[in-house]
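Reader: I should like to learn how to read the features of a structure such as this one. May we look at it together?

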Amino acid sequence: MKNHFETDAIRTQTERSQFLEHSTPLYLTSSYIFEDAEDMRASFADEKDRNIYSRYSNPNTTEFIYKICKMEGAESGYAFASGMSAVFSTFAALLNAGDHILSSKSIFGSTQTMFNNIFPKWNIATSFFNFNEIETIESLIKPNTKVIYAESPTNPAVDILDLELLGQIAKKHNLLLIIDNCFATPYLQQPIKFGADLVIHSATKLIDGQGRVLGGVTVGPTELIQKIYLFSRNTGPALSPFNAWVLSKSLETLPVRVDRHCENALKVAQFLETHSKVNLVKYPFLKSHPQYQLAKKQMKLGGNVVAFEINGGIDAGRSFLNAIKLVSLSANLGDTRTIVTHPASTTHAKLTEEDRLEAGITPGLVRVSVGLEHVEDIINDLSQALDA
Ligand SMILES: *Cc1c(COP(=O)(O)O)cnc(C)c1O
């Protein structure tokens with residue numbers, strides 16, 4: 001019988017050692033030993049599925065990958081030192097010089113930099129589409145297009161992209177659909193169900209959930225993961241066993257943590273909607289969200305990020321941040337600690353005003369990554385900072 005998500009999150013575990021430990025120990029070892037010359041030969045010839053060297057595999061990383069595969073409904077995976085090494089290595093393993101990428105405009109900043117400034121070195125170009133014009137993206141497909149790439153919900157404007165529609169377009173044109181599922185986590189959304197080929201996570205965010213370690217992972221069909229594995233085993237972006245151990249422990253509590261994150265986020269969003277200094281609140285599970293129905297279809301709950309627009313633009317946004325007392329000003333998200341950022345004056349300050357507006361970043365937009373403090377304390381802090 002198939003276990004529920006929560007049970008797999010806890011009971012997916014690497015084989016016990018002779019000590020019969022209950023909880024998976026930390027395997028801090030760079031390498032593994034062989035029985036004899038024949039064992040060693042067969043292992044290197046890939047005739048045996050076993051650990052050789054921790055750049056290739058390690059019991060802690062294997063447990064972490066296997067758990068994510070079960071959660072996402074994927075066959076195989078490979079774990080990386082960070083979310084960005086997962087994104088980079090996935091593309092670098094699968095694309096050739098001259099290939100073309102079709103990407104959503106609203107993607108993580110470093111991914112955008114990779115597409116705009118790094119991939120052109122290898123003659124890999126990217127065209128971008130808006131979250132609300134997916135119907136038109138077929139006109140952007142070229143003979144050398146290989147991949148459609150997107151994130152949903154988007155950062156920082158929490159817009160929703162129609163994953164099923166993207167899946168249909170990718171299938172029709174024989175393209176790979178790659179989804180960065182970081183904001184939703186596998187608990188809230190499984191893109192493979194909607195037609196994605198590969199799913200990427202920055203495990204640094206809600207998967208760790210406590211702001212401690214970096215990590216990343218890519219999961220999908222064995223045929224594609226094998227290419228990513230061979231690329232990575234030779235180029236070395238492997239996740240450390242220690243971080244894998246931390247992240248696999250974190251996954252045991254992912255469902256309970258994310259449930260509470262979402263409950264708190266919805267309450268924060270509802271509070272903000274009633275505040276006179278706020279003129280727009282965006283949260284996928286608020287009925288006022290333009291893509292509320294789509295969010296309900298794709299996601300179990302609305303996630304932990306709320307975006308809102310303060311009356312008074314950049315100056316109002318900055319004074320709001322200055323008046324915050326409990327909540328952190330930080331670039332991270334998906335932490336137990338609530339975090340606020342003002343994208344127009346920080347993470348997205350280098351963009352032109354026009355590009356910011358295209359990405360849904362108005363001058364007064366504030367992003368809140370709602371944490372696990374008592375929701376009344378979070379709301380009280382936001383409230384006093386809005387009034388200040
Ligand atoms: C943070 C983030 C990344 C990058 O992950 P790192 O672990 O910081 O390298 C990629 N995509 C999204 C959506 C992110 O939020």
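The dialogue below takes up the ligand site and then two loops.

Author: This is a predicted model, in which local features need pLDDT of at least 70, side-chain atom pairs count only at pLDDT 80 or more, and totals for chains, interfaces and linings use all residues. Residues are numbered from 1 along each chain as its sequence is written, and side-chain values use heavy atoms, with hydrogens and water left out.

Reader: Which residues are around the ligand?

Author: A residue is near a molecule if one of its heavy atoms lies within 4 Å of it. Here the residues around the ligand include Ser82, Met84, Phe108, Glu151 and Lys205.

Reader: Which polar contacts does the ligand make with side chains?

Author: A polar contact is a pair of N or O atoms within 3.5 Å. The side chain of Asp180 places an N or O atom 2.6 Å from a nitrogen atom of the ligand, and an N or O atom in the side chain of Ser202 is 2.9 Å from a ligand oxygen atom. The protein covers 92% of the 380 Å² of accessible area that the ligand has on its own (Shrake-Rupley method, 1.4 Å probe).

Reader: Is Asn174 buried or exposed?

Author: Buried means under 20% relative accessible area, exposed over 50%, and partly exposed in between (1.4 Å probe, protein chains only). Asn174 is exposed, at 72% relative accessibility. Asn174 also has a positive phi of about 55°, although it is not a glycine.

Reader: Which peptide bond leading into Pro153 is cis?

Author: The bond from Ser152 to Pro153 is cis, with omega near -5°.

Note on methods. Polar contact = N/O pair within 3.5 Å; in protein donor to acceptor, adjacent residues only side chain to side chain.
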